[in-house]
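Thanks for sending this one over. Here are my notes, in the order I would go through them with you.

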Amino acid sequence: MQFFNPVSWRDEFSMVIEKATDGGLQAEDWTLNMEICDIINETEEGPKDAIRALKKRLSGNRNYREVMLLCPPLVTCINGTCLNLLSV
């Protein structure tokens, strides 16, 4: 049950972002990128949580590979797959 789960929605979203931008990935994981879009579109707070998680992952990150892997989810969201993100 989600009610008794100690992991908050934002933490769960941050974990998906971290998996999608893991420096050990050989290429973009489009399954995770689409999951990010699904999470954004599920709730009203999804777009705000997405921006927070993406900023958190990007700020102060010196790993070039992780920063570059952050681009595909952003592009996917901006291109209209995640229409709710554009309303933030």
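The points below cover one helix and then the salt bridges.

1. A word on the basis: this is a predicted model, where local features need pLDDT of at least 70, side-chain atom pairs count only at pLDDT 80 or more, and totals for chains, interfaces and linings use all residues. Residues are numbered from 1 along each chain as its sequence is written, and side-chain values use heavy atoms, leaving out hydrogens and water.

2. Helix α2 covers residues 30-42 (helices are DSSP runs of H or I, at least four residues, numbered from the N terminus). Its 13 residues reach 18 Å from first C-alpha to last, close to the 18 Å expected at 1.5 Å a residue; the expected span is 1.5 Å times one less than the number of residues. At its start, a side-chain oxygen of D29 comes to within 3.1 Å of the backbone nitrogen of T31.

3. L32, N33, I36, C37, I39 and I40 are the buried residues of α2 (buried is under 20% relative accessible area, exposed over 50%, partly exposed in between, with a 1.4 Å probe and protein chains only). They line one face, because they fall within an arc of 160 degrees seen down the axis, taken from the directions from the helix axis to the C-beta atoms. On the other side, T31 and E42 are exposed.

4. The whole structure holds two salt bridges (a side-chain nitrogen of Lys or Arg within 4 Å of a carboxyl oxygen of Asp or Glu). One pairs R52 with D49, closest N and O atoms 3.0 Å apart. These residues sit three apart in helix α3 (residues 46-58), about one helical turn. R52 is partly exposed at 39%, whereas D49 is buried at 5%.

5. R57 and E66 form a salt bridge at 3.3 Å, N to O. Here R57 is buried at 18%, and E66 is buried at 14%.

Key: Helices (H or I, at least four residues) and strands (E, at least two) are DSSP runs, numbered from the N terminus. A polar contact is a pair of N or O atoms within 3.5 Å; within protein, one must be able to donate a hydrogen and the other to accept it, and residues adjacent in sequence count only if both atoms are side-chain atoms.
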